[in-house]
Structures are given as structure tokens and as C-alpha cells.
Amino acid sequence: QVQLAESGGGLVQAGGSLRLSCAPSGSIFRINAMGWYRQAPGKQRELVAAITSGGSTNYADSVKGRFTISRDNAKNTVYLQMNSLKPEDTAIYYCNVKASLSIISRAYDYWGQGTQVTVPS
């Protein structure tokens, strides 16, 4: 079983910064991509940023230039540095890991429990 421990959410004023972190644990053979999604009230979950094992990154247009995703492969930890936060960034942020549990199994998606980020208007 894979578990994802998220931390770093909270309430911050517009223009402020937060850093999210996520560390998976369990019997993981290989981690492929890691990323962050978010879901605002009444909206669908959307990709915020993702990073592959090789370090390639992908960002939602709405966060480009403000958010930075990074990963520490030695610690199997992914980070999301969020700067210049806006009220529209308010959402529950979910960590996502695409991992395989053995050499013969394909990668599956695993999700964290979510961490709330609130930016008052």
C-alpha cells in the first residue's frame, strides 16, 4: 500500500507564498511522475504541475511563472513552491504519484488526502 504524506497548506494573504511537500511511503519499486492537482469548490480537479523522474516539468497556464515544482529523488519527495498567490488559487491541493510496486507491474496513480490552500480576496 502506498501512502502520501502532504504538508504545507494554510491561509495566506494575496501575494504571499506557500510551499507544499509530499512524501510517499510504502513498498514502491519505482516512481515515475509526481505532481500536484487542485480542486476548488464546484470545479473539477485540475493539474497544477507535474515533474517526471528525469526532471521534465509541466504547468497549468494559470500558474506558470508563479509556481515551481521540484523533486528530491533521494527522498522521494515532491515540492510545490507557490509564490504571488491569488484568491483564485484557493483550493484543496492533492499530491499525485505515478508509481509501480514491482518490476513487472505497470504504474498506477496514488493520491494524497489533500491539503487546503486559502487565499482570501
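Me: A salt bridge here is a side-chain nitrogen of Lys or Arg within 4 Å of a carboxyl oxygen of Asp or Glu. What makes arginine 66 and aspartate 89 a salt bridge?

Reply: Their side chains meet at 2.7 Å, N to O, and the cut-off is 4 Å, so the pair qualifies. Some background first: this is a predicted model, where local features need pLDDT of at least 70 and side-chain atom pairs count only at pLDDT 80 or more, while totals for chains, interfaces and linings use all residues. Residues are numbered from 1 along each chain as its sequence is written, and side-chain values use heavy atoms, with hydrogens and water left out.

Me: Which parts of the chain does the bridge between arginine 66 and aspartate 89 link?

Reply: Arginine 66 is in the loop between strand 6 (57-59) and strand 7, and aspartate 89 is in the loop between strand 8 (77-82) and strand 9 (91-100), 23 residues apart. Strands are DSSP runs (E, at least two residues), numbered from the N terminus. Both arginine 66 and aspartate 89 are buried, that is, under 20% relative accessible area, where exposed means over 50% and partly exposed lies in between (1.4 Å probe, protein chains only).

Me: Why is aspartate 61 called exposed?

Reply: Its relative accessible area is 65%, and the class starts over 50%, so the label fits. Aspartate 61 also forms a salt bridge with lysine 64, with the closest N and O atoms 3.1 Å apart.

Me: Why is lysine 98 called partly exposed?

Reply: Lysine 98 has a relative accessible area of 28%, which falls between 20% and 50%, so partly exposed is the right class. Lysine 98 meets aspartate 109 in a salt bridge at 2.5 Å, N to O; lysine 98 is in strand 9 and aspartate 109 in strand 10, eleven residues apart.

Me: What makes tyrosine 37 and tryptophan 111 an edge-to-face pair?

Reply: Their ring centres are 5.0 Å apart and their planes 70 degrees apart. Rings of Phe, Tyr and Trp (its six-membered ring) pair if their centres lie within 6.5 Å, and planes over 60 degrees apart count as edge-to-face, under 30 as stacked and the rest as tilted, so both tests are met. Tyrosine 37 lies in strand 4 and tryptophan 111 in strand 10, so the pair ties together parts that are 74 residues apart in sequence.

Me: How do you know that the charged end of arginine 19 sits over the ring of tyrosine 79?

Reply: The charged end is 4.0 Å from the ring centre. The rule asks for NZ of Lys or CZ of Arg within 6 Å of the ring centre and within 35 degrees of the ring normal. Arginine 45 likewise lies over the face of tyrosine 94, at 3.8 Å from the ring centre.

Notes. Helix = DSSP H or I, 4+ residues; strand = E, 2+ residues; numbered from the N terminus.
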